[in-house]
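Trainee: Before we discuss the labels used for this fold, could you put the model in front of us, so that I can ask how each label is justified?

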Amino acid sequence: MNNEKIPYKIYLTENEMPKAWYNLRADMSKKPAPLLNPGTHRPMTASELSGVFCEELVAQELDNDTPYFEIPEEIRDFYKMYRPAPLIRAYCLEKKLSTPAKIYYKFEGNNTSGSHKLNSAIAQAYYAKKQGLNGVTTETGAGQWGTALSMACSYLSLDCKVYMVKCSYEQKPFRREVMRTYGASVTPSPSMETEVGRKILAEHPGTTGSLGCAISEAVETAVSSDGYRYVLGSVLNQVLLHQSIIGLETKTALDKYGIKPDIIIGCAGGGSNLGGLIAPFMGEKLRGEADYRIIAVEPASCPSFTRGVYAYDFCDTGMVCPLARMYTLGSDFIPSANHSGGLRYHGMSSTLSELYHQGLMEAVSVKQTEVFEAAEYFAKVEGILPAPESSHAIRVAIDEAVRCTETGEEKTIVFGLTGTGYFDMMAYEKFHDGKMDDYVPTDEELALYRSRLPKVE
């Protein structure tokens with residue numbers, strides 16, 4: 001088809017919105033390694049996990065074989081408030097770069113949370129409500145997940161307790177206030193409210209916190225409070241399942257115009273956005289139906305894919321969660337207080353880790369100032385102020401488009417724009433004032449964290 005006929009924004013109708021989530025694990029011949037009980041090192045059972053997670057979410061978490069899970073009608077109705085999300089042809093960016101590449105981005109910022117996180121938040125809140133629970137607990141890094149969950153819980157009349165990484169709590173006060181507007185309680189982590197928080201503060205006085213710390217506090221609160229369960233915004237299989245709606249919509253929109261991408265790019269922290277975006281494309285790749293170059297982009301300050309090791313590790317700093325086999329920097333790794341808030345997790349989704357380990361996808365890390373240079377450039381050219389997390393994907397998309405300019409190749413590039421950056425203006429301010437640094441952990445630092453990994457036979 002003549003690409004000039006492709007609109008700037010490709011919208012799907014409500015009827016074209018997916019009616020089922022896609023479980024990528026069903027097409028993996030080698031499945032992700034199971035979660036292990038930290039005490040016995042045996043695979044976690046449904047009964048063990050149900051003390052922490054909602055029962056139906058446990059079933060989704062452990063199911064490696066069912067390819068599709070029907071999306072309940074109540075969730076589909078909620079999705080219709082902001083979905084289907086547009087797939088946008090970046091004509092202006094292509095022109096500015098003078099590139100023969102064709103660039104598309106899936107924009108997930110059309111809701112108050114400003115990100116893709118609402119796709120899983122409403123699903124997890126729905127299953128908690130269906131189970132008759134009083135509320136849920138969670139952690140949040142940049143605040144996008146906490147905001148999304150507070151919205152979902154408000155909609156379903158559930159209590160919501162959020163532990164927010166301390167540096168983000170201080171850097172993003174407006175994100176915090178949106179959560180409180182929707183009725184959530186928000187606590188900077190690590191805190192003195194939990195036993196594990198007090199322990200972490202005693203060992204690391206003045207720490208700016210990490211997602212691993214906040215997870216520990218949220219899990220402790222959930223298991224010690226009647227009628228509560230813990231929910232998570234990334235990393236777990238159930239989250240990647242819910243986020244597959246991103247990739248399913250993207251593929252449907254591309255198929256409408258006969259477009260086949262060559263390169264698919266997503267930012268990578270715990271894996272929710274990346275896993276959701278690539279799901280149907282990776283499925284085709286696993287089934288031998290098509291091939292794509294898939295690139296995960298992570299911050300150089302928290303490089304779990306590019307400098308981590310593939311091993312069993314705790315999912316949290318307090319070591320109260322199950323062990324997961326993943327690319328990890330070590331559960332007690334606390335990254336610098338950078339502005340890639342949602343990408344500051346020490347590990348990576350077990351599913352994505354296994355795919356990366358098999359060589360089915362690539363990973364690159366980028367420095368913070370390079371990311372914000374791309375963010376500002378994109379904002380000026382495309383008119384959307386991107387979140388710092390999304391801007392990691394933008395950075396590499398621009399780099400790949402420039403490479404096409406140099407080689408003359410007409411590649412089609414698709415990347416995920418996970419959300420907007422309007423609550424991240426302190427980060428933009430530091431970038432503009434020249435006060436942003438590019439801290440990268442040393443090999444010696446990472447070796448120390450690796451030396452503390454649990455010994456699993």
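Trainee: Which residue in β9 does Thr137 stand opposite?

Mentor: In this predicted model, Thr137 stands opposite Tyr230 in β9.

Trainee: How do you know that β6 and β9 pair?

Mentor: Pairing requires at least two bridges between the strands, and β6 (residues 135-140) is joined to β9 (residues 228-230) by three bridges in the parallel sense. The criterion is likewise met by β6 and β7 (residues 159-165), which run parallel and are joined by six bridges, with Glu139 standing opposite Tyr163 in β7.

Trainee: What makes β6 mostly covered?

Mentor: A residue is buried when its relative accessible area is under 20%, and six of the six residues of β6 are buried. Gly135, Thr137 and Glu139 point one way while Val136, Thr138 and Thr140 point the other way, and all are buried. In a regular strand, side chains alternate between the two faces of the sheet.

Trainee: Why is α11 called largely enclosed by the rest of the structure?

Mentor: Because 17 of its 20 residues are buried, α11 is largely enclosed by the rest of the structure.

Trainee: What span is expected for α11, and what does the helix reach?

Mentor: At 1.5 Å a residue, 28 Å is expected for the 20 residues of α11 (residues 237-256), and the helix reaches 29 Å from its first C-alpha to its last, which is close to that value. There is nevertheless a kink of about 35 degrees in α11, centred on Gln243, and just after the helix Gly258 takes a positive phi of about 65 degrees.

Methods. Residues are numbered from 1 along each chain as its sequence is written. This is a predicted model: local features need pLDDT of at least 70, side-chain atom pairs count only at pLDDT 80 or more; totals for chains, interfaces and linings use all residues. Side-chain values use heavy atoms; hydrogens and water are left out. Buried means under 20% relative accessible area, exposed over 50%, partly exposed in between (1.4 Å probe, protein chains only). Helices (H or I, at least four residues) and strands (E, at least two) are DSSP runs, numbered from the N terminus. The expected span of a helix is 1.5 Å times one less than its number of residues. The bend at a residue is the angle between axes fitted to the seven residues ending there and the seven starting there.
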